[in-house]
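Colleague: Could you walk me through this model and the reasoning behind each label?

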Amino acid sequence: MDYLTDKEFDQYFKLLNAICGDYSQWRSPKALKLHKCEFGCDIFKNEQYFRKGYNLGTIKLCKNCMEKMLFIFFATDPGTTKIACWVRDKRFEKMRKAVEKLR
Ligand SMILES: [Zn+2]
C-alpha cells in the first residue's frame with residue numbers, strides 16, 4: 001500500500017529533519033551493498049534508503065518503513081506537522097539572521 005505521494009514523502013521527510021538535531025539528521029544515500037532495515041527488510045544495492053547516526057550506532061530504514069513512519073508521524077497528526085513547521089520556520093529565521101550578520 002502506498003501511504004504517501006512522492007510530494008508528501010519529500011515534504012514530510014524535510015519536516016522530520018527539521019525536528020531532528022543538527023548532528024542527527026536523516027540522510028538518504030543509495031545503498032552500495034545489501035543492508036538490513038531496522039525493521040528486518042532487505043535494502044538492496046542501488047536502492048535509496050535512510051540512515052542516521054545516534055549514540056549507539058546507525059539506524060537504517062528502507063523506503064517503505066520510512067514512508068510508514070512519516071505517515072504515522074505527520075499525515076495522521078496535523079498537530080505534529082504544525083509543530084515541525086514551526087520549528088522549521090524558526091530555524092530558517094535563525095539561519096537568515098546569521099547570514100545577515102555576515103554581510
Ligand atoms: Zn524496512
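Modeller: Happy to; here come the overall make-up, then the helices, then a few single residues.

Colleague: Before that, what kind of model is it?

Modeller: The model is predicted. The chain has three helices and four strands, and from the N terminus on the elements run α-β-β-β-β-α-α. The C-alpha trace spans about 45 × 30 × 25 Å along its principal axes. Of the 103 residues, 14% count as buried. Among contacts with a separation of 6 or more, 46% join residues 24 or more positions apart.

Colleague: Let's take helix H1. How do you know that its span fits the one expected at 1.5 Å a residue?

Modeller: Helix H1 covers residues 6–18, which is 13 residues. The expected span is 1.5 Å times one less than the number of residues, and for H1 that comes to 18 Å. From the first C-alpha to the last, H1 reaches 18 Å, close to that expectation.

Colleague: And what makes the buried residues of H1 line one face of the helix?

Modeller: The buried residues in H1 are Tyr12, Leu15 and Leu16. Seen down the axis of H1, they fall within an arc of 105°, so they line one face. On the face turned away from that buried side sit the exposed residues Asp6, Lys7, Asp10 and Lys14. The cover over the buried residues of H1 includes helix H2 (63–75) and H3.

Colleague: Why are H1 and H2 called roughly perpendicular?

Modeller: Two packed helices are described by the angle between their axes and the distance between the axes. For H1 and H2 the angle is about 75° and the axes are 10 Å apart. Angles of 65 to 115 degrees count as roughly perpendicular, and H1 and H2 therefore get that label.

Colleague: Which residues meet where H1 packs with H2, and how do they divide into nonpolar, polar and charged?

Modeller: From H1 there are Glu8, Phe9, Tyr12, Phe13, Leu15 and Leu16; from H2 there are Glu67, Leu70, Phe73, Phe74 and Ala75. This contact divides into nine nonpolar residues, no polar ones and two charged.

Colleague: What makes you say that the buried residues of H2 line one face?

Modeller: In H2 the buried residues are Met66, Glu67, Leu70 and Phe74. Down the axis of H2 they fall within an arc of 100°, so one face of the helix holds them. They pack against H1, E3, strand E4 (57–62) and H3.

Colleague: On to H3. How do you know that its span agrees with 1.5 Å a residue, and why is H3 said to lie largely in the open?

Modeller: The 25 residues of H3 should span 36 Å, and the end C-alpha atoms are 36 Å apart, which agrees. As for the second label, the number of buried residues among those 25 is one, so H3 lies largely in the open.

Colleague: Ala84 is in H3; why is Ala84 called buried?

Modeller: The cut-off for buried is 20 or more other C-beta atoms within 10 Å. Ala84 has 21 such neighbours, so Ala84 counts as buried. Leaving out residues up to four places away in sequence, Ala84 touches Leu15, Ala18 and Ile19. The C-alpha atoms of Ala84 and Leu15 are 5.7 Å apart, although 69 residues separate them along the chain.

Colleague: Why is Cys85 called partly exposed?

Modeller: Cys85 sits in helix H3 (residues 78–102). Exposed needs 12 or fewer neighbours and buried needs 20 or more; Cys85 has 15 other C-beta atoms within 10 Å, so Cys85 is partly exposed. Its C-alpha atom lies 28 Å from that of Cys37, a residue 48 places away along the chain.

Colleague: What makes Asp42 exposed?

Modeller: Asp42 lies in strand E2. With 11 C-beta neighbours inside 10 Å, where 12 or fewer is the limit, Asp42 counts as exposed. Setting aside neighbours within four places in sequence, Asp42 is in contact with Leu34 and Lys36. Between the C-alpha atoms of Asp42 and Leu61, 19 residues apart along the chain, the separation is 9.5 Å.

Colleague: Last one: why does Asn46 count as exposed, and what is its phi?

Modeller: Asn46 has 9 C-beta neighbours inside 10 Å, so it counts as exposed. Asn46 lies in the loop between strand E2 (42–43) and strand E3 (49–54). Its phi is positive, about 75°, although Asn46 is not a glycine.

Key:
Residues are numbered from 1 along each chain as its sequence is written. This is a predicted model: local features need pLDDT of at least 70, side-chain atom pairs count only at pLDDT 80 or more; totals for chains, interfaces and linings use all residues. Helices (H or I, at least four residues) and strands (E, at least two) are DSSP runs, numbered from the N terminus. The arc is that of the directions from the helix axis to the C-beta atoms. Two residues are in contact if their C-beta atoms, placed from the backbone, lie within 7 Å. Axes are lines fitted to C-alpha atoms, for helices over the stretch in contact, and angles run from 0 to 180 degrees between N-to-C directions. Angles under 35 degrees count as roughly parallel, over 145 as roughly antiparallel, 65 to 115 as roughly perpendicular and the rest as oblique. Ala, Val, Leu, Ile, Met, Phe, Trp, Tyr, Cys and Pro count as nonpolar, Asp, Glu, Lys and Arg as charged, and the others, Gly among them, as polar.
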